[in-house]
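Colleague: Could you walk me through this model before I start my notes?
Modeller: Of course, have a look at it and ask whatever comes to mind.

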Amino acid sequence: RQVFATSAGGLGDVAVYAAVFLVLIAVWCLAGRFFATRPFVARALSRWGHILLPVVLIALGVLILVEGGAFGL
C-alpha cells in the first residue's frame with residue numbers, strides 16, 4: 001500500500017518500481033490486444049462490451065472502496 005512512503009532506498013528503488021510498473025502495463029496491453037483480436041472474443045466484446053465494461057468498472061471501484069475501508073467495514 002505505502003510502497004513509496006516506506007521505501008528507504010531512495011531514487012533507485014523508485015526507478016525500479018516505475019520500470020516494473022511500465023513493464024507490467026505493457027504486458028496488460030499486449031494481453032488485451034491478443035484476446036481482443038481473437039474472433040470469438042471480438043464478437044462477444046462487440047455484442048456485450050457496452051454492458052460488460054460499466055459492470056467491470058463499477059465492480060472494480062466498489063472493490064477499491066471496500067478494501068480501502070471507505071465504508072468502515
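Colleague: How much area does the chain expose, and what share do carbon and sulfur atoms supply?
Modeller: In this predicted model, the chain exposes about 6500 Å², and carbon and sulfur atoms supply 76% of that area.

Colleague: And what percentage of the residues count as buried?
Modeller: Of the 73 residues in the chain, 1% count as buried.

Colleague: OK, what about the fold, how many helices and strands are there?
Modeller: There are three helices and zero strands, so that, read from one end of the sequence to the other, the pattern is α-α-α.

Colleague: Which residues does UniProt list as "transmembrane region"?
Modeller: The unreviewed UniProt entry lists residues 14-36 and 48-66 under that heading. In the model, residues 14-36 are 100% helix and 0% strand, with their end C-alpha atoms 33 Å apart, while residues 48-66 are also 100% helix and 0% strand, with 27 Å between their end C-alpha atoms.

Colleague: Let's turn to α3, where does the helix bend?
Modeller: Helix α3, which covers residues 39-67, bends by about 80° at W48. Its end C-alpha atoms span only 36 Å, whereas a straight helix of 29 residues would span 42 Å at 1.5 Å a residue.

Colleague: What comes just after α3?
Modeller: Just after α3 there is G69, which takes a positive phi of about 80°.

Colleague: Back to the surface, which residues make the nonpolar patch?
Modeller: The patch is made by L45, W48, I51, L52, V55 and V56, and has an area of about 550 Å².

Colleague: Why can I51 count towards a patch like that?
Modeller: I51, which lies in helix α3, has a relative accessible area of 42% and is therefore partly exposed, and this value passes the cut-off because patch residues need over 30%.

Colleague: Why might residues a few places apart point the same way in a helix?
Modeller: An α-helix has 3.6 residues a turn, so residues three or four places apart point the same way.

Notes. Residues numbered from 1 in each chain as written. Predicted model: local features only at pLDDT ≥ 70, side-chain atom pairs only at ≥ 80, totals over all residues. Heavy atoms only, no water. Patch = residues over 30% accessible without salt bridge, like charges linked within 9 Å, V, L, I, M, F, W, Y side chains within 5 Å. Areas by Shrake-Rupley, 256 points an atom, 1.4 Å probe, with all protein chains shown as cover. Salt bridge = Lys/Arg side-chain N within 4 Å of Asp/Glu carboxyl O. Helix = DSSP H or I, 4+ residues; strand = E, 2+ residues; numbered from the N terminus. Buried < 20%, exposed > 50% of the residue type's maximum accessible area, 1.4 Å probe, protein only. Expected span 1.5 Å × (residues − 1). Bend = angle between axes of the 7 residues up to and from the residue. UniProt positions renumbered as here; feature names shortened; annotations may be inferred.
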